[in-house]
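Biologist: Please take a close look at one part of this model, the interior packing, and then say what can be said about the pocket beside your account of it.

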Amino acid sequence: MINLPARYISTGVVANGGMGSVVFCDDTHLERRVAIKVLKDPRQRRRIIDELQALLKMRSKHVVQVYDVLRLEGEGLGIVQEFISGADLFDDQFKGLGLDSFLRIIWQISAGIRDIHAAGVIHRDIKPNNMKIDSEGILKIYDFGLARDSGPTAMTRGFVGTQGFGAPELFASEPTFTEAVDVYAFGATALYIASGDLPDELCSVPPSYLGSSYFSSLPLGLDPNLSAVLDACLSPNAMDRPSMDEVTAVLMRYMLRDKHQALAVYGRTPRYLNANNRSVNLDLKGVGSIGIKYTGLDFVVASASGEVSINNRPPCIGESLPGSCVVSLGDGNRRATERAFITFDVSHPEIVL
């Protein structure tokens, strides 16, 4: 029985894990439910201190918040954390998702890991049952009991983590941990959510390489570029894995597919490009013309002829237009009355969860 301060009233629900227990309580002072993590073995006090130090650095809506730290008589330390209701991502309700729901979840996971890495921390145990989605639809990452600061001193003797989600380099006798171990675990987590299971190759010791096109074989219908990024997360070579900042940026592009809008002002006439009006042709007769197309991800040059420039540079077919630029029809050696200038601006939508 754990002796808690009087303000915390246990709900009677306790979750036991390999490294500690979580007691769910009502905080009678602030009238909210909390989760208090304590250790089974006081000799592992260092682990809960590591978790505390990691969580105190976090400033992310996708990482659980720390409310308080308790010195428990005979139990060492307890961390009072934000309570997240509901099932973790191992639950069957998160299997068989459609593409939009899949992207919504893995983008939040990637954003949370990106924020963890920005704080200089490696989580080291990213997996579906260390994540929950709260009542507002926001995914939260928790359980930092294995976390370490990143850098050359981030070493541990022997394998630490969860088989199936552990990167190949973690199975070395003296592994050096980098942020790439979290990237690998993210890739495995994304694969588990996409397919509802992990292939035998990832569960072997050490894990085997799935190849460079595994995600594209899944029935989700992922864009080839997105599949390639997710496959790269599972590269056996840590140096070949993208950063979580890069992964999050790519996922954001696909989350916002068909939600952008651009405004091209030619003279006094505004012209809008969006999912309902995907192309526009701008022409100055006898001088030059340009066609712009919205692909759902970018606004690109579809055609160009004559004297055309974008920010004083000749355009290339297929190139993406900057978010804000000026398209000129007519070279600089012409009189102003013989030239036309079109301002082009893209509105950048936000992801709404």
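Modeller: The model is predicted. I start from one residue, I109. Beyond its neighbours within four places in sequence, I109 is in contact with L89, M131, L139, I141, F186, T189 and I193. I109 belongs to the largest nonpolar core, which has 62 residues. Within that core, I109 is among the residues that touch the most other members, together with L89, F102, I105, I106 and F186. Several elements each give two or more residues to this core: helix 1 (45–57), helix 2 (99–118), helix 3 (180–195), helix 5 (224–233) and helix 6 (244–255) among the helices, and strand 6 (121–122), strand 7 (131–133) and strand 8 (139–141) among the strands. With eleven residues, helix 3 gives the most to the core. In soluble globular proteins, nonpolar side chains tend to be buried together. A second core, of 21 residues, is separate from this one, and its members include L282, L321, L329 and I342.

Now the pocket. The second largest pocket holds about 310 Å³ of space. Its lining consists of 16 residues, and D100, Y254, M255, L256 and K259 lie nearest the pocket's centre. Helix 2 and helix 6 are the elements that give two or more residues to this lining, and helix 2 gives the most, with four. Both helices also give two or more residues to the largest nonpolar core. By residue class, the lining of the second largest pocket has nine nonpolar, six charged and one polar residue.

Terms used:
Residues numbered from 1 in each chain as written. Predicted model: local features only at pLDDT ≥ 70, side-chain atom pairs only at ≥ 80, totals over all residues. Heavy atoms only, no water. Core = buried A, V, L, I, M, F, W, Y, C linked by side-chain atoms within 4.5 Å. Buried < 20%, exposed > 50% of the residue type's maximum accessible area, 1.4 Å probe, protein only. Contact = heavy atoms within 4.5 Å. 1 Å grid on protein atoms, 1.4 Å probe; cavity = no way out; pocket = protein on both sides within 12 Å on 5 of 7 lines; lining within 4 Å. Points joined across faces, edges and corners; volume = space filled by probe spheres on them. Nonpolar A, V, L, I, M, F, W, Y, C, P; charged D, E, K, R; others polar.
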